Amino acid sequence: MNITLPLILLLLSVPATYLSGNRWAPKVALLFNVALVVLAGFLLATHLQGVNLDYTAEWVQHPSINLSFKGDGLALAMLLMTAVLMTLMIGSRMTRPEKKEKEFYTLLMFSLFAIVGVFTSSNGVIYYIFWELSLLPIYFIVLNWGNGEAARRRKATFTFFLYTMAGSLCMLVAFVYLYWRTGSFELEVLYHARLSADEQLWVFLAFFLAYAIKIPLFPLHTWQAPVYQKAPAVGTMILSALMSKMGLYSIIRWQLPVAPDAVRSLQPYLVVLCIMTVLYGTIIALRQDNMKRMLAFASLAHVGFIAGGIYALNFEGLNGAVLLIIAHGCGIIGLFFGAEVIYRRWGTALVSQMGGIRAHASRFGFLFLIMILSSIGIPLTFNFIGEFTIMYSLFRVDSWWGIFLGTSMFLSAFLMLRMYQHVMLGAPQRDFGDLKTSEFLVFLVLAVILLVFGVYSTPITHLVTPALNEILSLIS
């Protein structure tokens, strides 16, 4: 029993989904995702009993590359989040079958395989391979199933591809250099590499470019809004809820412990950059009429907030970041799914053409309100726990950082409540059918997660604490 079992399951799911044909592909993909949730839960229970889930096997001798995977609490938290959210994403799309179903769901399962590989890999080369593999399925999903003109989709996806590849190549160069210095790609060896201050700085910058593009952070965010807008609903959910979290997770797992001196020396600049991302994302979101673009920039602000917590370099910041990674993943799926529900019924993504939906769809109005309230960090919601913890972590380092982030929270609240007012309230514009059963279940599961962990998030904190303490011991 080890952490590779989810990867084996997902690797089998790819040909199984494709061979099942257009009719059965959605059901087969959903079945494999449910199986992944069950397997992740079983691995979690095994981990809590004290069983070591790590796995290492020799793969290539020269250079030395091992198939190494880590199954600690942090990896399991990301695995469970990914499994649950992808299950909900597939469930959100099953009510809207489209062309080339087997190809679409095969790409989804391949994307899931790559993302889980990123969250569990503990060898630099294996991690890099999964990192790169995650780019391919989303590229073809946006290109072939996206919205708008084909030429605009090609331009958006090509820009996204170039940005991500440039950052990834920098990260690869850093791994090659680290191997030259240490003779290993293994995470534990890299943690204890004795690098000079200059070496750490260059390694840090190489990692930072890859992660800042993926998250994204200002000013490397310019690919985000066009791709989010052109992507199909599930593609946007993957990008915002999972792929952006790959970058945030990687900062914690790889960047901080490998280049701790560089991180400490650059901390003020990094936190200021994160604050700029938060403020910029929120202000630009206020000027958007397209709902998906508005949510894209709002998401930019949230991930900037999470990154700021990570770069606080204390336990509260790291713990709050992990909590907010999961909370934001759930909430942003709910928000983008809400935009998709409206688009299915009215064929528009423009907020100026919406209004009065709650009068016709009370269930939708109520559940969407929960998504909104959680996104702005109302007490007793999951986001509040993460945001409050991050605010506290930054106040411990510099009170001005906490004040600026607090200001951003006010702007974010104004943005989201104004959007809800324009979309849901006012005089009814036209008929709007309430949520179907499958749509209702997706929102309900998300709402339960956001409310339950908003009241009691201690199990997640207990799960990730050993891994976070290990990382803090390396950067202190």
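Begin by selecting Gln-255, which lies in helix H11, the run from residue 233 to residue 258. The model on display is a predicted one. With a relative accessible area of 0%, Gln-255 is buried. Next, display the residues in contact with Gln-255, leaving aside its neighbours within four places in sequence: they are Phe-204, Phe-207, Phe-208, Tyr-211, Ser-250, Val-263 and Tyr-311.

**Helix H9**

Several of those contacts lead to the next selection, helix H9, which covers residues 197-214. Phe-204, Phe-207, Phe-208 and Tyr-211 are among the buried residues of H9. The buried set also includes Glu-199, Gln-200, Val-203, Ala-206, Ala-210, Ala-212, Ile-213 and Lys-214. Against which helices do the buried residues of H9 pack? Select helix H5 (124-133), helix H7 (150-182), H11 and helix H12 (260-286) to see these partners.

The length of H9 can be checked in the viewer. At 1.5 Å a residue, the 18 residues of H9 should span 26 Å, and the end C-alpha atoms are 26 Å apart, so the expected and modelled spans agree.

**Phe-158 in helix H7**

Remain with helix H7 and select Phe-158, which is found there. Is Phe-158 buried or partly exposed? Its relative accessibility is 46%, and therefore Phe-158 counts as partly exposed. Now add Val-227 to the selection: Phe-158 and Val-227 are 69 residues apart along the chain, and their C-alpha atoms are separated by 9.7 Å.

**The hairpin of E1 and E2**

Turn next to residues 55-60, strand E1, and residues 65-69, strand E2. The two strands run antiparallel and are joined by five bridges. A hairpin of four residues connects E1 to E2. For one of the pairings, select Glu-58 and then its bridge partner in E2, Asn-66.

**Met-291 in helix H13**

Move to helix H13, residues 291-310, and select Met-291. Met-291 is buried, its relative accessible area being 0%. Which residues does Met-291 touch, not counting those up to four places away in sequence? They are Ala-339, Ile-342, Ala-349, Val-351, Met-354, Phe-368, Met-419 and Val-423. Of these contacts, Met-419 is worth displaying together with Met-291. The two residues are 128 residues apart in sequence, and their C-alpha atoms are 8.5 Å apart in space.

**A network of salt bridges**

The whole structure contains eight salt bridges. Side chains of opposite charge can pair when their charged atoms come close. To view one such pair, select Glu-340 and Arg-344, whose closest N and O atoms are 3.3 Å apart in a salt bridge. Why are these two residues about one helical turn from each other? They are separated in this way because Glu-340 and Arg-344 are four residues apart in helix H14, residues 315-346. Glu-340 is buried, at 11% relative accessible area, whereas Arg-344 is partly exposed, at 23%.

Add Glu-439 to the display. Its side chain meets that of Arg-344 in a salt bridge, with 3.0 Å from N to O. This pair links distant parts of the chain, 95 residues apart: Glu-439 belongs to helix H19 (residues 437-455), and Arg-344 to helix H14. Glu-439 is buried, with a relative accessible area of 1%.

Then select Arg-345, whose side chain also meets that of Glu-439 in a salt bridge, at 2.8 Å from N to O. Again distant parts of the chain are linked, with Glu-439 in helix H19 and Arg-345 in helix H14, 94 residues apart. Arg-345 is partly exposed, with a relative accessible area of 24%. Show the four residues together: Glu-340, Arg-344, Arg-345 and Glu-439 are joined into one network by salt bridges that share partners.

**A nonpolar patch on the surface**

For the last stop, switch on the surface and select Phe-395, Trp-400, Ile-403 and Phe-404. These residues form a nonpolar patch with about 420 Å² of accessible area together. Which helix contributes the largest share of the patch? Helix H18, residues 399-424, supplies three residues. Phe-395 lies in helix H17, residues 382-397, and is partly exposed, with a relative accessible area of 39%.

Methods: Residues are numbered from 1 along each chain as its sequence is written. This is a predicted model: local features need pLDDT of at least 70, side-chain atom pairs count only at pLDDT 80 or more; totals for chains, interfaces and linings use all residues. Side-chain values use heavy atoms; hydrogens and water are left out. Patches are made of residues with over 30% relative accessible area and no salt bridge: like charges are joined within 9 Å, nonpolar side chains (Val, Leu, Ile, Met, Phe, Trp, Tyr) within 5 Å. Accessible areas come from the Shrake-Rupley method with a 1.4 Å probe; for residues, only the protein chains shown count as cover. Buried means under 20% relative accessible area, exposed over 50%, partly exposed in between (1.4 Å probe, protein chains only). Contact means heavy atoms within 4.5 Å. The expected span of a helix is 1.5 Å times one less than its number of residues. Two strands pair if DSSP finds at least two bridges between them.
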